[in-house]
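Trainee: Before we settle on any labels, could we go through the charged pairs and ask what justifies each term?

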Amino acid sequence: YLLTKSLIPLRLLESEFEYTTSFTPAEQEVLAFRKNLDAMLINVLRAQDASINIDDVERKRHAEWADRIENAPREIEVFSAVKSKVTGVKIAGWLGYFNRTTEKIGVLQDSLASKWAFAMTYIHETLHWLSGENDDTRAFETAIFSVLTKAILELNKKDTDEAMMSA
């Protein structure tokens, strides 16, 4: 989710996050994995393989995004639950958010159970930060698939290059 000043989802207005700062050693390790994720995102975004045929506008956008990740790390808030302000009942479905006002990323503590779960939420919320777009918009889907496609093509290039070197 992308939280903004002007377009705050009704769910957020009715929700209260319960934050935690106490983590197991395994959760701390997963949180530390964020540095690896940032480095991987920067590498993908800066890749300049001409065979991918990315247009100049997209290539420039990716370079700007890589610079943002490198120069402006986001703070991560970890929440253990989201409850209704009205009823106090837990609200299911929140995995993470990016708060545009505070520039913080929030992740559900359950996502710290594995690097995979954390990476899915962290990358998703980082792409909200980079693109400035909300969930369920064409622009956000384009941002996600642009980075995903570039990453896959870079992996394919790496595999091809390694096969050629070993032949």
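**Charged pairs and their burial**

Mentor: Arg138 and Glu141 both belong to helix H6, where they stand 3 residues apart, about one turn of the helix; bear in mind that this is a predicted model.

Trainee: What makes Arg138 and Glu141 a salt bridge?

Mentor: Their closest N and O atoms are 3.7 Å apart, and the criterion asks for a side-chain nitrogen within 4 Å of a carboxyl oxygen, so the pair qualifies.

Trainee: Why is Arg138 called exposed, and why is Glu141 called partly exposed?

Mentor: Arg138 has a relative accessible area of 65%, and exposed means over 50%, whereas Glu141, at 37%, falls in between that limit and the 20% under which a residue is buried.

Trainee: How do you know that Arg34, Asp38 and Arg74 are linked in a network of salt bridges?

Mentor: The side chains of Arg34 and Asp38 meet at 3.3 Å, N to O, and those of Arg74 and Asp38 meet at 3.2 Å, N to O; each value is within 4 Å, so both are salt bridges. The second pair links distant parts of the chain, with Arg74 in the loop between H4 and S3 and Asp38 in helix H3, 36 residues apart.

Trainee: Are Arg34, Asp38 and Arg74 buried or exposed, and what makes them so?

Mentor: Arg34 has a relative accessible area of 13%, Asp38 is at 10% and Arg74 at 3%; because buried means under 20%, each of these residues counts as buried.

How values were computed. Residues numbered from 1 in each chain as written. Predicted model: local features only at pLDDT ≥ 70, side-chain atom pairs only at ≥ 80, totals over all residues. Heavy atoms only, no water. Buried < 20%, exposed > 50% of the residue type's maximum accessible area, 1.4 Å probe, protein only. Helix = DSSP H or I, 4+ residues; strand = E, 2+ residues; numbered from the N terminus.
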